[in-house]
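I opened this notebook to record what I looked up in the structure. The entries follow the order in which I worked.

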Amino acid sequence: MIQTFFNLDIIVAAWPIVMSGLWNTILLSLIVVPLGLFGGLILALLASIRHPLVRWPLMAWVDFFRAFPPLVLLVLLFAGLPFAGLELGGFACVAIAFFLNTGSYYGEIFRAGIDSVPNGQVEAARSTGLSRMQAMRYVVLPQAVRNVLPDLLSNTLEVVKLTSLGSVVAVPELLYEARQAQSLTYNPTPIVMAAVIYFLILWPLVRLLSRLENRALAGRR
Amino acid sequence: MGGWDRFVETFFNAKVMAKYLPDILSGMVVTIELALLIVVTGLGAGLALALLRSLGIRPLNWLIIFIVDLFRSLPPLVIIVLMYFGLPYAGPSPSGFVSTWLSLALVLMAFSEEIFWAGITSIPRGQWEASRSTGLSYGQTLFNVILPQAFRLTIPPLTNRTIAITKGTALGTVVAVTEILGQASSAVSNSYNPSPLMMGAAAYIVLFFPVVVAARWIETKFAWKR
């Protein structure tokens, strides 16, 4: 059993490949998380214009991407766009798909955060002479973000986990490299290594979230 | 032929669509089967773990917390790949369908246990004591007093998680499950035309969009009124 799943020779041999995969997963996360946050912020700011002509299409947009599996979006971009003469490569496809998909999730969270700030705050800020944008930037957003911080963290955890989808479109991230190593060595140890790495990196975040969420749910009563 | 016609001819080719419609439909059936299995077993196992945890047996609770943390930290695709490509080295070789089902059910179990548990602990201790003092047994207190209140609290986060994880059935395509995306992808490579992929995308929207809208409705209905 240990020879099969935790083979020391294989760990040594696969180490450089798996590490380069880990590095790429970190890079990919550092790109797609800010991209998603940016997309979400735009959506939430648009949603704060409480006009039905803005709000309804936005809601449909967000619900569309909540209903659409990210992998399907990714495959659609990767395998569909070339037929329209647009070949983007796996990395760009991941970036676009994540911008659309995780942007919608982040957008919902930011929107809930903005909604949680009482309207009196905006009125008070405006009455001191701040413009709409200034009131949003200096008064509403800081409180909104603080109120939904656990949700933002939880979604970020999901985004980092989701980068493993990159392996489907040949982005050399952790899972992809682990599978390459597995097919080279005919041994599942590299995949176990990848799983252990994901766990070690993300466990502290899961622990933290578990605490925050318990407190949040209990506090809602 | 204008640009628009060529676009339609490429991405919404009627001939190709007619040919592969049965494949996509059979993919939809597999996706629905998989989704239902995941939801029922995942939520069931999650609730069972939360109830076990409420017994308050220390070492057992540590084990439960570890299992929950484990399946919350691992990307679902990694679990699927590990089960499908890794387990056979040790003997059992689950099919792609079973690997996808078990992996996603375990993930949903982990997330729902957390949520159920948070719901149960959010009910004040006094409720337990009051029910027990009226002569209700432990089980009666749990099922008639605590859980009905806890459920109400857990429904919004639970629906969100369940949808997000159920959408993961598309991951099955990586381990050769013939669900929608799998069918659509192989149809694209057989026909050299992306229309099946568009049909597949539409199929997901048909299946999941009503669920998302329903979830929104449920969320507002069960929102905790302050």
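The entries below cover each chain, the contact between them, one bent helix and the nonpolar core.

**Entry 1. Status of the model.** I noted at the outset that this is a predicted model.

**Entry 2. Chain A.** I counted the secondary structure elements and found 10 helices and zero strands in chain A. I then took the extent of the C-alpha atoms along the principal axes, and they fill a box of roughly 70 × 50 × 30 Å. Of the 221 residues in chain A, I found 41% to be buried. I also looked at contacts between residues at least 6 apart in sequence; in chain A, 75% of these join residues at least 24 apart.

**Entry 3. Chain B.** I repeated the count here and obtained nine helices and zero strands. The C-alpha trace of chain B spans about 80 × 50 × 25 Å along its principal axes. I checked the radius of gyration, which is 22 Å for chain B, whereas a compact globule of 226 residues would have one near 17 Å. Buried residues account for 42% of chain B. For contacts between residues at least 6 apart in sequence, I recorded that 77% in chain B join residues at least 24 apart.

**Entry 4. Where the chains meet.** I asked how many residues of each chain are in contact with the other. The result was 40 residues of chain B and 41 residues of chain A. On the chain B side, the elements that give two or more residues are helices H3 (58-73), H4 (76-86), H5 (96-121), H7 (138-166), H8 (180-191) and H9 (195-222). H9(B) gives the most, with nine residues. I sorted the residues of this side by type and obtained 28 nonpolar, eight polar and four charged.

**Entry 5. Helix H7 of chain B.** I compared the span of H7(B) with that of a straight helix of 29 residues: the straight helix would span 42 Å, but H7(B) spans only 34 Å between its end C-alpha atoms. I then looked for a bend and found a kink of about 50 degrees at Ile155(B), shortly before the proline Pro156(B). Pro156(B) is buried, and I listed other buried residues of H7(B), including Leu153(B), Thr154(B), Pro157(B), Leu158(B) and Arg161(B).

**Entry 6. The largest nonpolar core.** I asked which residues of this core touch the most other members. Among its 112 residues, these are Val72(A), Leu74(A), Val94(A), Ala194(A) and Val78(B). H5(B) gives the most to the core, with 14 residues. I followed Val94(A) further: leaving aside residues up to four places away in sequence, Val94(A) touches Leu28(A), Val32(A), Leu74(A), Gly166(A), Val169(A) and Val171(A). I added a general remark: in soluble globular proteins, nonpolar side chains tend to be buried together.

How values were computed. Residues are numbered from 1 along each chain as its sequence is written. Chains are lettered from A and ligands numbered from 1 in the order in which they are written. Two residues are in contact if their C-beta atoms, placed from the backbone, lie within 7 Å. Helices (H or I, at least four residues) and strands (E, at least two) are DSSP runs, numbered from the N terminus. Ala, Val, Leu, Ile, Met, Phe, Trp, Tyr, Cys and Pro count as nonpolar, Asp, Glu, Lys and Arg as charged, and the others, Gly among them, as polar. The expected span of a helix is 1.5 Å times one less than its number of residues. The bend at a residue is the angle between axes fitted to the seven residues ending there and the seven starting there. A residue is buried if 20 or more other C-beta atoms lie within 10 Å of its own, exposed if 12 or fewer, and partly exposed in between; C-beta atoms are placed from the backbone. A nonpolar core is a set of buried Ala, Val, Leu, Ile, Met, Phe, Trp, Tyr and Cys residues joined through C-beta atoms within 7 Å. The radius of gyration is taken over C-alpha atoms; the globule rule is 2.2 Å times the number of residues to the power 0.38.
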